[in-house]
Amino acid sequence: MKKAIIFITLSFLLFVPLYAISFTYFDTPQSYDSDVLLSSFEQNKEFLTQTEEEIKDIVIVFYGPGSSVHEYYGHVGIIIRYKNGEETLYDYGVFNPNEKGFVKNVIQGKMFYALSYGNTVKFLENYMRDVSRSVKYYRLINISDEKKKQIESFLKFNAGEDRNKYLYNFFTDNCSTRVRDILNVAYDGALEEFGQREFGTRREAISPQTTPHVIVETVFGIAEGAIQDRTISYYEAMFLPSVLEYSLRSITVNNDLGEKEHIVALEGESIWHNKYDYNVSESKGASSYTILMLIIIQIVLLNIVLKILYTTKIERFAKKVFSLINGLILLFMLVLSLAMSYMCLYTIFDCAWKNQNLIFINPLLIFPVLFAFKGLFAISYDKEKKALRNLSISSLLFFGLTIIALVLKFIILPYQANLVHILYFMLYYLSLPDYAQLYKGRNK
């Protein structure tokens, strides 16, 4: 009976990550999707007559990156300026943390954002100055008064109580993509035409802003799935405000004389010291594995040194330190594997789907974790020796899983930029076994 329970447990723990890798989702259009709303608006021309004040200018405002994770990539909004001196800021980046089920929705990836509006331009600029984030203003040019009215009318239409919320997706539906879609319609597809050329991958797009943050970069790199390595166009990459800004500065359209002119003019900027800004032109191919490499190499070298100390008078102390350090590392990996499995199976975080790293970083890590901590808290020498022997065997099994992941990667699995991850963890798992003890046990 005990063996049956162990077999069922092992099968379940192995099945979860394998099923998570293969799980397929179906994306269906929602009424709050940007393109659906724009199409709906086109069928409701009566909204065009609702403008009460004459529009002077339409300005796209870009807020620079900040220090918090959700601020890494900046923000963007639309300002409508009227001839009477008033101005209204439309902001697609508002959410209500007090909303019923907010925490549950966040965990499942069902984050609902809303379009807000108000006379808050100066308030936000002062706030950005206080937190050292840059602000840039780009005025739309080469656009007719009728188009300006259409943009304002659509924003009012979208801000309606039954239409102002949308299901947020960082990569496909956020404050930047909403502004992009509106401007693309206003300029008759100019943004989409410009954005046809290749940009790179999602992983390459977001890496420049996470690289300075060691833990975030390491965790993001491991937790991202194969979808992150699909080549995207500049139009798709405009989910990043910085890419949208770069594109708006680069796009040209024909004026009334048939001459090429830009669609925006830099009206003003308030740039305070901001160490988080980066240049889009330098972002391609900037994905870095250096941090993880340094971490793994240091751990491997430490494990080698500790095993050398096994032959000295401080053998027990060295084994306790070995068990403690690697127990904590393996525990962190176990928690990460559970989070990765959960994101693949029960959330709409598409960036984590079909993650091949689950083959060798999976819930089965619970066994080497248990063995490591058994070795740490073992009082007798024999129990410590047995625990570390089991840790050695389980580590070799995980080394075998990295071999399987490597083989499958080149045979049937879709491309994922995780070759470095496989090789690094292969090296780490190889550093865990006590080969001398295994050899002695084999010859007894």
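Let's start with aromatic pairs. A search of the whole structure turns up 22 of them. Keep in mind that this is a predicted model.

How do we describe such a pair? A pair of aromatic rings is described by the distance of the centres and the angle of the planes.

Take Phe154 and Phe157. Their ring centres lie 6.1 Å apart. Their planes meet at 40 degrees, and the pair is tilted. Why tilted? Planes under 30 degrees apart count as stacked and those over 60 as edge-to-face, so 40 degrees falls into the rest.

Where do these two sit in the chain? Both belong to helix H5, which covers residues 145–158. Phe154 and Phe157 are 3 residues apart, so about one helical turn separates them. Now, buried or exposed? Phe154 has 4% relative accessibility, so Phe154 counts as buried. Phe157 is at 2%, and therefore Phe157 counts as buried too. The cut-off for buried is under 20%.

Next pair: Phe398 and Tyr429. Here the centres are 5.4 Å apart and the planes stand at 40 degrees, so this pair is tilted. Which parts of the chain does it link? Distant ones. Phe398 is in helix H15, residues 381–409. Tyr429 is in helix H16, residues 419–431. The two residues are 31 apart along the chain. Phe398 and Tyr429 are both buried.

Rings can also join up in groups. Look for Tyr72, Tyr73, Phe170, Phe171 and Phe239. Ring pairs link these five residues into a cluster.

Some rings have a charge over the face. Find Arg180 first. Arg180 lies over the face of Tyr235, 4.2 Å from the ring centre. Then find Lys319. Lys319 lies over the face of Tyr310, and here the distance to the ring centre is 5.3 Å.

Now step back to the whole chain. How many helices and strands are there? The protein chain has 17 helices and 11 strands. It is 444 residues long, and 51% of them count as buried. What about contacts? Take those with a separation of 6 or more. Residues 24 or more positions apart account for 77% of them. The accessible surface of the protein chain comes to about 22800 Å². Carbon and sulfur atoms hold 62% of that surface.

On to the largest pocket. Its space is about 1500 Å³. How many residues line it? The lining has 46 residues. Val69, His70, Tyr113, Tyr168 and Phe170 lie nearest the centre. We have already met Phe170, as a member of the ring cluster.

Which elements supply the lining? Several give at least two residues each, including strand E3 (87–94), helix H3 (102–107) and helix H4 (121–130). Helix H9 (214–223) and helix H13 (315–346) also give at least two each. H13 gives the most, with 5 residues.

Last topic: backbone angles. Most residues other than glycine have a negative phi. Two residues here have a positive one.

Asn142 has a phi near 55 degrees, and Asn142 is not a glycine. Where is Asn142? In the loop between strand E5 (135–140) and H5. That is the helix that holds Phe154 and Phe157. Asn142 has a relative accessible area of 30%, so Asn142 is partly exposed.

Asp188 also has a positive phi, about 55 degrees. Asp188 sits in the loop between helix H6 (175–186) and helix H7 (190–194). Is Asp188 buried or exposed? Its relative accessibility is 63%, so Asp188 counts as exposed.

Technical notes: Residues numbered from 1 in each chain as written. Predicted model: local features only at pLDDT ≥ 70, side-chain atom pairs only at ≥ 80, totals over all residues. Heavy atoms only, no water. Phe/Tyr/Trp six-rings, centres within 6.5 Å; stacked < 30°, edge-to-face > 60°. Helix = DSSP H or I, 4+ residues; strand = E, 2+ residues; numbered from the N terminus. Buried < 20%, exposed > 50% of the residue type's maximum accessible area, 1.4 Å probe, protein only. Lys NZ or Arg CZ within 6 Å of the ring centre and 35° of its normal. Contact = heavy atoms within 4.5 Å. Areas by Shrake-Rupley, 256 points an atom, 1.4 Å probe, with all protein chains shown as cover. 1 Å grid on protein atoms, 1.4 Å probe; cavity = no way out; pocket = protein on both sides within 12 Å on 5 of 7 lines; lining within 4 Å. Points joined across faces, edges and corners; volume = space filled by probe spheres on them.
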